Every structure is written in C-alpha cells, then in structure tokens.
Amino acid sequence: MSIGRSEVLALYRNSLRAAQTFETYNFRAYFYRRTRDRFRTVANMALAGDSQAVSQGVQEARAELSVMQRQGTLNSMFAHKRTVLEASQNSAGGHRRRKGE
C-alpha cells in the first residue's frame, strides 16, 4: 500500500500539534523532538526506496499520535509549576523586561 506525501505531511503536522498540547515543558519538548526524529527517519527510508519500512513507520507514527493526544489531554488536566525555561507573562524571550521597554 502506497502512502501519499500529503497524508504523511498531515500526520506530521497533527503530531506536532499534539506535542504542543502538553502543559509541561519537558514533555512538550520531548514529544516535539521525538516526532521530528521519527519523521526524519521515515523520510530517509522513503529516499532509500524502502516502501514497506515507510508503511511500518507511518503505522507507528499513527499509534504514537493517538497516545500523544490522550496523554496531552491528561497532562492539561493537572496544574503544575512553571519551570525556569518557560517564559512568564512579564518576560520576552526569557529575559525580564524593564518598565518602558
């Protein structure tokens, strides 16, 4: 079964969106990085012409997407403290603003 480029790109975008739903910075960064790495691997397999491995990679990405969506929902249900890496409302790019800037 051949998987179209648009289908793979839609799956990639949906996976990145699911990764962004995590409230916790560490989870969000991990799933974003994992998604990027997985699809780079799938792209390399596609360039090599291994269609069976591409199909298997896409199947695994679909399963991971459903897990990310469920876990993202659960993660957003519980409050957490912001980490130092997460910018607060009073900062821009991680640096504190001075009044008048």
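Which helix does Leu74 lie in? Leu74 lies in helix α3, and we'll get back to that residue at the end. One thing to keep in mind as you look around: this is a predicted model.

**The overall layout**

Let's start with the whole chain. The protein chain has three helices and two strands, and from the N terminus on, its elements run α-α-α-β-β. Of its 101 residues, 27% are buried. Take the contacts with a separation of 6 or more: residues 24 or more positions apart account for 62% of them. As for the outside, the chain exposes about 7,700 Å², with carbon and sulfur atoms supplying 52% of that area.

**Helix α3 and what covers it**

Helix α3 covers residues 51-77, and you can check its length yourself. With 1.5 Å a residue, its 27 residues should span 39 Å, and the end C-alpha atoms are indeed 39 Å apart, so the two agree. The buried residues of α3 include Val54, Val58, Ala61, Leu65 and Met68. What covers the buried residues of this helix includes α1 and α2.

Leu11 shows what that looks like up close. Leu11 is found in helix α1 and is buried, at 9% relative accessible area. Leaving out residues up to four places away in sequence, Leu11 touches Phe39, Val58, Ala61, Arg62 and Leu65. Leu11 and Ala61 are 50 residues apart along the chain, yet their C-alpha atoms are separated by 7.7 Å.

**Salt bridges between helices**

Now for the charged side chains. Side chains of opposite charge can pair when their charged atoms come close. The count here comes to four salt bridges, and these are three salt bridges from the model:

| Salt bridge | N to O distance |
|---|---|
| Arg62 and Glu7 | 2.1 Å |
| Glu60 and Arg38 | 3.2 Å |
| Glu64 and Arg38 | 2.9 Å |

Arg62 and Glu7 meet in a salt bridge; Arg62 lies in helix α3 and Glu7 in helix α1, so the pair ties together parts 55 residues apart in sequence. Both ends are partly exposed: Arg62 has 29% relative accessibility, and Glu7 has 36%.

Arg38 shows up in the table with two partners, Glu60 and Glu64. Arg38 lies in helix α2 and Glu64 in helix α3, so this pair ties together parts 26 residues apart in sequence. So are these residues buried or partly exposed? Arg38 counts as buried at 17%, and Glu64 is buried too, at 12%, whereas Glu60 is partly exposed at 37%. Together with Arg34, the residues Arg38, Glu60 and Glu64 are linked in a network of salt bridges.

**Aromatic pairs**

Rings pair up here as well, and the count comes to four aromatic pairs. In one of them, Tyr12 and Phe39 have ring centres 5.1 Å apart and planes at 65 degrees, so the pair is edge-to-face. This pair links distant parts of the chain, with Tyr12 in helix α1 and Phe39 in helix α2, 27 residues apart. Tyr12 is partly exposed at 23% relative accessibility, while Phe39 is buried at 10%.

Phe22 and Phe31 make a stacked pair, 4.8 Å centre to centre with 15 degrees between the planes. Both of these residues are buried. Ring pairs also link Phe22, Phe27, Tyr30 and Phe31 into a cluster.

**Back to Leu74**

Finally, the surface. Leu74 is partly exposed, with a relative accessible area of 40%. Along with Met77 and Phe78, Leu74 makes a nonpolar surface patch of about 350 Å².

How values were computed. Residues numbered from 1 in each chain as written. Predicted model: local features only at pLDDT ≥ 70, side-chain atom pairs only at ≥ 80, totals over all residues. Heavy atoms only, no water. Phe/Tyr/Trp six-rings, centres within 6.5 Å; stacked < 30°, edge-to-face > 60°. Helix = DSSP H or I, 4+ residues; strand = E, 2+ residues; numbered from the N terminus. Buried < 20%, exposed > 50% of the residue type's maximum accessible area, 1.4 Å probe, protein only. Expected span 1.5 Å × (residues − 1). Contact = heavy atoms within 4.5 Å. Patch = residues over 30% accessible without salt bridge, like charges linked within 9 Å, V, L, I, M, F, W, Y side chains within 5 Å. Areas by Shrake-Rupley, 256 points an atom, 1.4 Å probe, with all protein chains shown as cover. Salt bridge = Lys/Arg side-chain N within 4 Å of Asp/Glu carboxyl O.
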